[in-house]
Amino acid sequence: MTLRTPLPRRRLAAAGLLGGAAGAAAAPAAPAARYPERPVRLIVPWAPGGSTDILARVVAERLGPALGQPVVVENRSGASGNLGSDIVAKAAPDGHTILFGSMSTHAMNPALMPNMPFDGVEDFTPVALLAYVLNTMVVHPAVPARTVAEFVAHAKANPERIAYASAGPGSTNHLCAALFERMAGVRMLHVPYRGGAPAVLDTVAGQAQLLFSAGTQTLPHVRAERLRLLAVTEGRRSALLPEVPTVGETLPGYEMAVWYGCFGPRGMDPALVARLNAEINRVLALPEVTRRMAEIGVEVQNEPPEALGALLRRDAAKWGGLIRELGIRAE
């Protein structure tokens, strides 16, 4: 099974800057014209080495020269991404502190955790939709199903006898399976682990029969025939694995799209947002960036800030509603 490099989408033009009339007295430079006046902090709210961190460093290396100032990646992990995200939420909205966050920090954590230090929707300015992470539905080879439809039939014939693994209550693995149960009309057993790695290993060992997880964690086992790939969870087929169906082709409306986005603090100047969006999208469209991210199962995007804002509001309502309805709380 080969990961294919997706074709870059449309690129955005940089926003125009206001200039004074010829012969008139020089007006003070607009914030976007002066930006950036010092190095830009790019906060990653997780530890080094993950796909978000790799993406941030690939972008920062190329974004700095375009902006004329260094872009410095800072890993500020803790509280399931809340610690680093809160730093950005409370920063000055001048574009010198930005965040590479995810659907979990902005759309899921506010429903999962009491006493959140920020509002995932209202306290940030969407800058750019960065990427989607290839997310898969896999089963242990002993499961007698090679398609989603066959798995649904098997689960209906064996209520509460199929175990699915997750990285813990409220994780994307858990919510993928909870949504699947609801839409397929099946009942399964949730087996939460303390992290994604042990969830994968126990599924490979047959302790759990089903797992929804990132392709970076599952595809090596699929290639070795230790797991069987049934589908991807995005709303459309992935450009990285175009031959693999989506869950939604069997269960219309099913979707779990795991995305990364760039955010600034609330109240950023629209001209600064446009400048950053254009430069980040230019970097993401570079062939070497597209190839590098495809290698780790990440499909980069090129979209305006409004696309990230709409996606965030939709997912905050969708996943927040499911979390509250099921009474899920993060551990």
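**Exercise 1. Against which elements do the buried residues of α3 pack?** Determine also whether helix α3 is enclosed or open to solvent.

Solution. The model is predicted.
- Step 1: locate the helix. Helix α3 spans residues 82-89.
- Step 2: apply the cut-off. A residue is buried if its relative accessible area is under 20%. In α3 this holds for Asn82, Gly84, Ser85, Asp86, Val88 and Ala89.
- Step 3: weigh the count. Because 6 of the 8 residues of α3 are buried, the helix is largely enclosed by the rest of the structure.
- Step 4: list the partners. The buried residues of α3 pack against the strands β1, β3, β4 and β10 and against helix α4.

**Exercise 2. Work out the strand order of the sheet of 6 strands and place helix α4 on it.**

Solution.
- Step 1: read the order. The strands run β2-β1-β3-β10-β4-β11 in an open sheet, and the pairing is mixed.
- Step 2: find the edges. β2 (71-75) and β11 (298-300) are the edge strands, each pairing on one side only.
- Step 3: note the twist, which averages 30° from one strand to the next.
- Step 4: examine one pair. Strand β1 (residues 40-44) pairs with β2 in the parallel sense, over 5 bridges. Within this pair, Leu42 has Val73 of β2 as its bridge partner.
- Step 5: add the helix. Helix α4 (residues 103-112) packs on the sheet and touches β3 (97-102), β4 (124-133) and β10 (258-265). The direction of α4 makes about 65° with that of β3.

**Exercise 3. Describe the sheet of 5 strands and the surroundings of strand β8.**

Solution.
- Step 1: read the order. This open sheet runs β7-β6-β8-β5-β9, again with mixed pairing.
- Step 2: find the edges. β7 (189-192) and β9 (228-232) each have a single partner strand, so one side of each lacks a neighbour in the sheet.
- Step 3: note the twist, with an average of 30° from one strand to the next.
- Step 4: take the partners of β8 in turn. Strand β5 (residues 135-139) pairs with β8 in the antiparallel sense over 5 bridges, and Met137 stands opposite Phe212 of β8. Strand β6 (residues 163-166) pairs with β8 in the parallel sense over 2 bridges, and here Ala165 stands opposite Leu211 of β8.
- Step 5: add the helix. α8 lies across β5, β8 and β9 and runs at about 120° to β8.
- Step 6: check burial. Strand β8 (residues 210-214) has 5 of its 5 residues buried, so β8 is largely enclosed by the rest of the structure.

**Exercise 4. Which elements supply at least two residues each to the lining of the largest pocket?**

Solution.
- Step 1: state the volume. The largest pocket has about 1,100 Å³.
- Step 2: find the centre. The lining has 39 residues, of which Trp46, Ser104, Ala167, Ser171 and Thr172 are the closest to the centre of the pocket.
- Step 3: assign the lining to elements. At least two residues each come from the helices α2 (51-67), α4, α6 (172-184), α7 (196-204) and α8 (215-223), and from the strands β8 and β10.
- Step 4: identify the main contributor. α4 gives the largest share, 5 residues.

**Exercise 5. Identify backbone geometry that departs from the usual, and say where it lies.**

Solution.
- Step 1: recall the expectation. Most peptide bonds are trans, and most residues other than glycine have a negative phi.
- Step 2: check the peptide bonds. Tyr35 and Pro36 are joined by a cis peptide bond with omega about -10°. Pro36 is found in the loop between α1 (31-34) and β1.
- Step 3: check phi. Ser80 has a positive phi, near 55°, and is found in the loop between β2 and α3. Asn115 also has a positive phi, about 60°, and is found in the loop between α4 and β4.
- Step 4: compare with accessibility. Ser80 is partly exposed at 44% relative accessible area. Exposed requires over 50%, so Asn115, at 77%, counts as exposed.

**Exercise 6. Where is the pLDDT below 50?**

Solution.
- Step 1: take the chain as a whole. Its mean pLDDT is 91, and 91% of the residues reach 70 or more.
- Step 2: locate the weak stretch. The pLDDT is below 50 over residues 7-29.
- Step 3: look at its contacts. Beyond near neighbours in sequence, residues 7-29 have 22 contacts in the model.

Note on methods. Residues are numbered from 1 along each chain as its sequence is written. This is a predicted model: local features need pLDDT of at least 70, side-chain atom pairs count only at pLDDT 80 or more; totals for chains, interfaces and linings use all residues. Side-chain values use heavy atoms; hydrogens and water are left out. Buried means under 20% relative accessible area, exposed over 50%, partly exposed in between (1.4 Å probe, protein chains only). Helices (H or I, at least four residues) and strands (E, at least two) are DSSP runs, numbered from the N terminus. Two strands pair if DSSP finds at least two bridges between them. pLDDT is the predictor's confidence in each residue, from 0 to 100. Contact means heavy atoms within 4.5 Å. Axes are lines fitted to C-alpha atoms, for helices over the stretch in contact, and angles run from 0 to 180 degrees between N-to-C directions. On a 1 Å grid over the protein atoms alone, a cavity is a set of points where a 1.4 Å probe fits but cannot get out, and a pocket is an open set with protein on both sides within 12 Å along at least five of seven lines; lining residues have an atom within 4 Å of a point. Grid points are joined across faces, edges and corners, and a volume is the space filled by probe spheres set on the points.
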